[in-house]
Amino acid sequence: MELHKNQTLQIYNTLSGEKETFTPIHEGNIGMYVCGPTVYSNVHLGNVRTFMSFDVIFRYLLHLDYKVRYVRNITDAGHLTDDGDVDNDRFVKQSRLEKLEPMEIVQKYTVDFHKVLDAFNFLPPTIEPTATGHILEQIELTQKLIDTGFAYESNGSVYFDVFAYNQKGMNYGELSNRNIEELFANTRDLDGQSEKKNPQDFALWKNASPAHIMRWNSPWGEGFPGWHLECTAMSTKYLGETFDIHGGGMDLKFPHHECEVAQGKACNGHSPVNFWMHTNMLTMNGLRMSKSTGNYILPMELVTGENTFFEKPFQPNIVRFCFLQAHYRSVLDISNDAMLASEKGYSRLMESYKLIPMLKASSTSTLDITAWKQSCYDAMNDDFNTPILIAQLFEGARYINLVNDGKESLTAEDIKLLETTISCFLFDVLGISNEASGNSNTTEKLSGVVEMLIGMRNEARANKNFSLSDQIRDQLLALGIQLKDGKEGTSFTF
């Protein structure tokens with residue numbers, strides 16, 4: 001059954017600033033690229049929000065029966081905070097701080113990234129390429145841009161020539177709505193103060209100083225790739241010169257995605273992406289999350305409760321449910337009150353869902369379940385509007401309670417349709433882990449495993465191996481199993 005033929009999907013396109021009807025380049029197939037993490041530190045909660053949004057988008061496209069190639073890269077080299085200073089390479093800075101090799105830093109935080117996303121029930125992407133695994137492709141693209149007059153070499157580094165790009169009838173700034181000509185006029189007097197022709201030019205390849213650890217051979221000498229080029233190289237390799245959807249956080253719109261547009265057009269003569277999608281920022285207690293201000297929390301600290309902002313731990317399902325109650329293009333603010341409200345709402349929804357098997361079927365239905373089902377699709381078809389979808393799921397829960405109380409009636413067929421629709425959208429599309437799916441035998445076995453782990457934890461504590469003890473507790477909590485230590489021992493709740 002090809003569901004996508006029955007649904008019209010509208011997506012907000014950053015490039016046009018409007019919602020547009022989505023039609024894939026190749027019927028039934030979608031290519032989607034999302035900028036992944038820069039693995040020099042722990043993934044932060046704002047990243048989780050962005051990746052969760054695209055996880056839901058991926059899930060819904062799969063639900064509509066599309067074959068989706070979802071590419072999400074790992075940036076493990078070349079992420080400069082300033083093109084003019086190679087010492088601002090984040091991997092080099094972090095390796096010096098932690099006294100580890102750069103690739104040890106990469107491995108450490110890539111593992112952390114995957115653990116966090118697994119805890120929040122993310123689907124893995126189809127392909128997860130790394131920047132260091134595509135150095136040759138980046139060198140080839142750089143040479144192509146030089147050959148076509150869009151880039152130049154300077155002191156062993158190569159820069160994209162933004163002025164030449166605009167002179168050839170293209171518009172650097174079209175994605176972020178920036179007037180580059182005004183920037184040129186305001187900064188041209190500063191030319192000559194660096195190896196760039198113009199301050200707006202960006203690095204494709206950087207010459208490595210003698211002290212720079214991450215370096216590769218190239219036609220321009222030993223160096224490393226600029227940040228922006230990797231995504232053009234990898235998206236082109238796996239999705240083609242033009243693909244359907246490119247996503248990321250709004251902080252990447254300029255300069256990163258703007259540079260990708262320019263690189264793609266300069267290399268191939270046409271726009272690389274049909275739909276650009278950007279998620280909005282996450283705040284906490286109404287303020288921007290920042291390490292420097294102390295208004296900051298790691299994803300798993302929200303789950304374990306090891307923080308000073310929230311009064312209790314919150315299961316990954318609760319966090320996910322809270323996040324998806326805001327549209328991906330809206331600012332999401334989390335707070336203790338917001339998390340508690342999400343926990344109550346989630347519990348209410350799940351309790352209603354568990355009543356479905358006990359509903360008594362009638363000969364007629366007094367509720368239009370088919371129309372309600374379409375309202376769920378309408379929400380997701382309107383630019384993946386998860387808060388409206390969740391509102392419709394609560395409406396479904398209201399139907400369940402009305403039928404359970406004998407105030408409304410449903411046929412057996414409509415009860416089944418109600419159950420499958422809630423299950424589909426709540427678990428498959430929104431990605432909530434189905435805690436109600438296990439049978440009593442499975443629950444009994446799981447309880448036995450938890451009891452065994454509690455025994456191992458008690459032994460670790462007796463041996464003063466508190467690191468292992470904490471690890472067992474935290475990993476169980478990440479799975480939604482909370483341990484409670486009391487006078488009579490340790491108990492647990494699912």
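## A walk through a predicted model

Leaving aside neighbours within four places in sequence, H228 is in contact with F202, P255, H256, C259, E260 and Q263. This is a predicted model, so every contact named here is a feature of a prediction. H228 itself is found in helix α7, which covers residues 227-239. Is H228 buried or exposed? Its relative accessibility is 6%, and buried means under 20%, so H228 counts as buried.

One of the contacts of H228 deserves a second look: P255. P255 lies in helix α8, residues 253-268. The peptide bond that leads into P255 from F254 is cis. Its omega is near 5°. Most peptide bonds are trans. Find F254 and P255 in the structure and look at the bond between them.

Next come two backbone angles. Most residues other than glycine have a negative phi. N177 is not a glycine, yet its phi is positive, at about 55°. Where is N177 found? It is in the loop between α5 (162-167) and α6 (180-187). Its relative accessible area is 67%, and exposed means over 50%, so N177 is exposed.

K464 also has a positive phi, near 60°, and K464 is a residue other than glycine. Look for K464 in the loop between α15 (440-462) and α16 (466-478). At 66% relative accessibility, K464 counts as exposed.

Now turn to helix packing. Two packed helices are described by the angle between their axes and the distance between the axes. Start with α1 (residues 45-63) and α12 (residues 369-381). Their axes come within 12 Å and cross at roughly 130°. That angle is neither 65 to 115 degrees nor over 145, and α1 and α12 are therefore oblique to each other. The crossing of α1 and α12 is left-handed. Which residues meet here? From α1 come V56, Y60 and H63. From α12 come Y377, M380 and N381. By class, the residues of this contact of α1 with α12 are 4 nonpolar and 2 polar, with no charged ones.

A second pair is α10 (residues 316-323) and α11 (residues 336-355). The axes of α10 and α11 are 9 Å apart, and the helices pack at an angle of about 105°. Angles of 65 to 115 degrees count as roughly perpendicular, so α10 and α11 are roughly perpendicular to each other. On the α10 side, the contact is made by N317, I318, V319, F321 and C322. On the α11 side, A338, M339, S342, E343, G345, Y346 and L349 take part. The contact of α10 with α11 divides into 8 nonpolar, 3 polar and 1 charged residues.

Finally, consider the database record. UniProt, in an unreviewed entry, places the feature "binding site" at K291. K291 is found in the loop between β12 (287-288) and α9 (299-304). Is K291 buried or exposed? At 58% relative accessibility, K291 counts as exposed.

The unreviewed UniProt entry also lists residues 37-47 as "short sequence motif: 'HIGH' region". How much of the chain over residues 37-47 is helix, and how much is strand? The stretch is 27% helix and 0% strand. The C-alpha atoms at the ends of residues 37-47 are 8 Å apart.

Note on methods:
Residues numbered from 1 in each chain as written. Predicted model: local features only at pLDDT ≥ 70, side-chain atom pairs only at ≥ 80, totals over all residues. Heavy atoms only, no water. Axes fitted to C-alpha atoms, helices over the stretch in contact; angles between N-to-C directions. Helix = DSSP H or I, 4+ residues; strand = E, 2+ residues; numbered from the N terminus. Parallel < 35°, antiparallel > 145°, perpendicular 65-115°, else oblique. Left-handed = near helix turned anticlockwise from the far one by under 90°. Contact = heavy atoms within 4.5 Å. Nonpolar A, V, L, I, M, F, W, Y, C, P; charged D, E, K, R; others polar. UniProt positions renumbered as here; feature names shortened; annotations may be inferred. Buried < 20%, exposed > 50% of the residue type's maximum accessible area, 1.4 Å probe, protein only.
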